There are 2 protein chains.
Amino acid sequence: MSQEIGSLSVRAVRGSAIRDLLSVVDRPGVLSLAGGLPAPELLPTDRVARAVQAALTSPAALQYGVTTGALPLREVVHARESAKLGRDAGAVVITHGSQQALSLLAQALLDPGDVVIVEDPGYIGALQAFDTTRARVIGVPMDAGGMRVDELRPILERERIRIVHTVSNFHNPGGATLAEERRRELARLADEFGFWIIEDDPYGDLRFAGSTVPPVAAYSDRVLRLSSASKIVAPGLRVGWMHGDPAVLALVERLKQGADLCGSSLTQAIAAELLADSVWLDGHVAGIRSVYAERALALHAALIDAFGDRLRLTTPEGGMFVWGEFADGTRTSAPLAGAVDAGVAYVPGSAFAVQRDLGTALRLCFTTSSPDDLREAVRRLSTAL
Amino acid sequence: MSQEIGSLSVRAVRGSAIRDLLSVVDRPGVLSLAGGLPAPELLPTDRVARAVQAALTSPAALQYGVTTGALPLREVVHARESAKLGRDAGAVVITHGSQQALSLLAQALLDPGDVVIVEDPGYIGALQAFDTTRARVIGVPMDAGGMRVDELRPILERERIRIVHTVSNFHNPGGATLAEERRRELARLADEFGFWIIEDDPYGDLRFAGSTVPPVAAYSDRVLRLSSASKIVAPGLRVGWMHGDPAVLALVERLKQGADLCGSSLTQAIAAELLADSVWLDGHVAGIRSVYAERALALHAALIDAFGDRLRLTTPEGGMFVWGEFADGTRTSAPLAGAVDAGVAYVPGSAFAVQRDLGTALRLCFTTSSPDDLREAVRRLSTAL
């Protein structure tokens, strides 16, 4: 069959382990902490409905748009990102979710065999995008301060690196946030060695504890910064964006013509209105933060209660996930089936492994369960593990 | 700079000549027949507004969706396409416009250097998708019956072809429709030589003269058939689809995970409702056909009147374009600037050339101008050329 279809089936295209799992755990009675979705009850259906009615007063909302995205949306994204950086955010391209930004950047910057550095555990969407271009991926471990940037220099002195990808805030799956001094150092290394940093930041606005750290892009022009409306407004709009170096973004624009010609004028008009309505947006995001904070705290406290020192945990300060590693060598892959039978689901660490053995780790999502359900899920987990 | 950014700038990524042109001709006083947009006044803003209100009664419309597309949309597409084929349409994947289907199929089926056959003149979106995978593209000429399928066999006997791409109905830019006997022969050749046919059919429902021909996919299982809601509902939804061989579509699904994870649940819900509302849709598409028929006729008649035997024209029976080639050797690229000064714009044939010299050809779009404006545009054209 592989010969019949093409060469792809013999390539190392990575299946989404999460996705395969979700198809199993999405059944009645299972409390699933395996997903990665925003809380559905917080999705702003009424506000979107009002924005749609406004957009549809013009047929332009249903017509083809420009490849780089609707101008009002690019403008509000540029203003928001410039404010975060404390300087001009550069060129902006609106993408079909930030996954498309990853895919287009991989196509624009990588040839087969080029080397990319990612965090280990790694974000699966980025690994898929890099695998498709047949890049070679090297993982660098994380700790509570995010990527171990001190481990980069020996790699950089040994080989030519094209891209360092980082989920800088509330890492998926690792939970950690890249410490400020590491951001500065990473930026310095990019300038010194000439690689590109992809700063992938979908969760930065969802901080509910600790203090905000400036983006990596605040410290270097060699950062292509990605974010999206998915976690602060709604994933169903499929509105993401990237900003940074105009020459790279001009290449991305040409590739996007071949990839999908343009995005949806309708969902871009909705996103532009909602992002520009800062009074509404600030209140809405504050509401998400407050609900997620309560859930994260409930999960974290229940885990400490149930596992104590057996389980090393990230302290959730934002985002959607808690990452844990068993200090006593408890494996997490084999017991998953039993855990699902006991009515709880999680993602084993091995699903996110780049080079490390993450067989004693697991990722838990706190966004879509009530505090009571999270506590019950942990009770079931402590029986299964 | 190219070294700085990556290898892409030295690759043969094709700029969109149409797009560069449009940026020049979109100014007051110019009657532009250079575009390729559906008529904005026919975009169904009210019907979409009603569908959005229904969709937004559930937060699912704003949540992530499955990679292959929302089930109700896949079901209605499967039913419509099966009816066209007179048999089961196979697997269905919803794409971000049919441009994404082209891009994903190119990634799934092609390695660098693989050979693809397209019509000459070629559809620019397909050429961009194939160029990105660094395939080698061979053009086969068209006549009034579409692709000269009789010219395929010598090529197939000479080299291994992976894909033959055809815009089977009302070709963009060529205007012609692939004749029924050629469809059968093309399908026979695919079965004999083992290549894949991509049948790219965005315009098939827009027939306003002549009689419907069965899709190429009616004659072989080696056809991956593409279409979209862009020309019958609205491009701003960015809802396209492909159907056919389940193993190829499974590969496409995995690549789509890396490309953009999933489509917009919101615009897919809109498209599902509108495509399933066959009473409304049939009436709506009949309305588009009737308006386009009047415009096509006006343009065609005015061109015959102005140029007579000097200009060989396709007879428009559907779609959005008329293609002309000057029999007396009149070149079309150099006079474009003067034509724009005289208040009319078109796309020179050279923009669509694969291997042929199309320097005496031009593409004219009739969808977005009134009959009077089309007649005035031809008057200006006859002065400029």
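**Exercise 1. Classify L261(A) by its relative accessibility of 26%.**

Solution. The model is predicted. Buried means under 20% relative accessible area and exposed over 50%. L261(A), at 26% relative accessibility, therefore counts as partly exposed. As for its location, L261(A) sits in the loop between α9 (246-260) and α10 of chain A. Its backbone has a positive phi of about 70°, although L261(A) is not a glycine.

**Exercise 2. Do the same for R134(B), and state its phi.**

Solution. The relative accessibility of R134(B) is 37%, so R134(B) counts as partly exposed. The residue belongs to the loop between α6 (124-132) and β4 (136-143) of chain B. Phi of R134(B) is near 55°, which is positive in a residue other than glycine.

**Exercise 3. Check the length of helix α5 (residues 97-109) of chain A against the expected span, then describe its burial.**

Solution. Step one: the helix has 13 residues, and at 1.5 Å a residue these should span 18 Å. Step two: the end C-alpha atoms of α5(A) are 19 Å apart, which agrees. Step three: 13 of the 13 residues of α5(A) are buried, so the helix is mostly covered.

**Exercise 4. Describe how α5(A) is placed against helix α9 (residues 246-260) of chain B.**

Solution. Two packed helices are described by the angle between their axes and the distance between the axes. Here the axes come within 5 Å and cross at roughly 100°. Angles of 65 to 115 degrees count as roughly perpendicular, and α5(A) and α9(B) are therefore roughly perpendicular to each other. On the α5(A) side the contact involves Q99(A), Q100(A) and S103(A); on the α9(B) side it involves Q257(B), G258(B), A259(B) and D260(B). By type, the residues of this contact are one nonpolar, five polar and one charged.

**Exercise 5. Find the buried residues of helix α4 (residues 71-85) of chain A and what covers them.**

Solution. The 15 residues of α4(A) reach 21 Å from first to last C-alpha, close to the 21 Å expected at 1.5 Å a residue. Buried in this helix are L73(A), V76(A), V77(A), E81(A), S82(A) and L85(A). Their cover includes the strands β2 (91-95), β8 (223-228) and β9 (240-244), and helix α10 (265-276), of chain A. Just after α4(A), G86(A) has a positive phi of about 75°.

**Exercise 6. Locate the cis peptide bonds that precede P121(A) and P173(B).**

Solution. In chain A, the bond from D120(A) to P121(A) is cis, with omega near 10°; P121(A) lies in the loop between β3 (115-120) and α6 (124-132). In chain B, the bond from N172(B) to P173(B) is cis, with omega near 10°. P173(B) lies in the loop between β6 (161-166) and α8 (180-193) of chain B.

Terms used:
Residues are numbered from 1 along each chain as its sequence is written. Chains are lettered from A and ligands numbered from 1 in the order in which they are written. This is a predicted model: local features need pLDDT of at least 70, side-chain atom pairs count only at pLDDT 80 or more; totals for chains, interfaces and linings use all residues. Side-chain values use heavy atoms; hydrogens and water are left out. Helices (H or I, at least four residues) and strands (E, at least two) are DSSP runs, numbered from the N terminus. The expected span of a helix is 1.5 Å times one less than its number of residues. Buried means under 20% relative accessible area, exposed over 50%, partly exposed in between (1.4 Å probe, protein chains only). Axes are lines fitted to C-alpha atoms, for helices over the stretch in contact, and angles run from 0 to 180 degrees between N-to-C directions. Angles under 35 degrees count as roughly parallel, over 145 as roughly antiparallel, 65 to 115 as roughly perpendicular and the rest as oblique. Contact means heavy atoms within 4.5 Å. Ala, Val, Leu, Ile, Met, Phe, Trp, Tyr, Cys and Pro count as nonpolar, Asp, Glu, Lys and Arg as charged, and the others, Gly among them, as polar.
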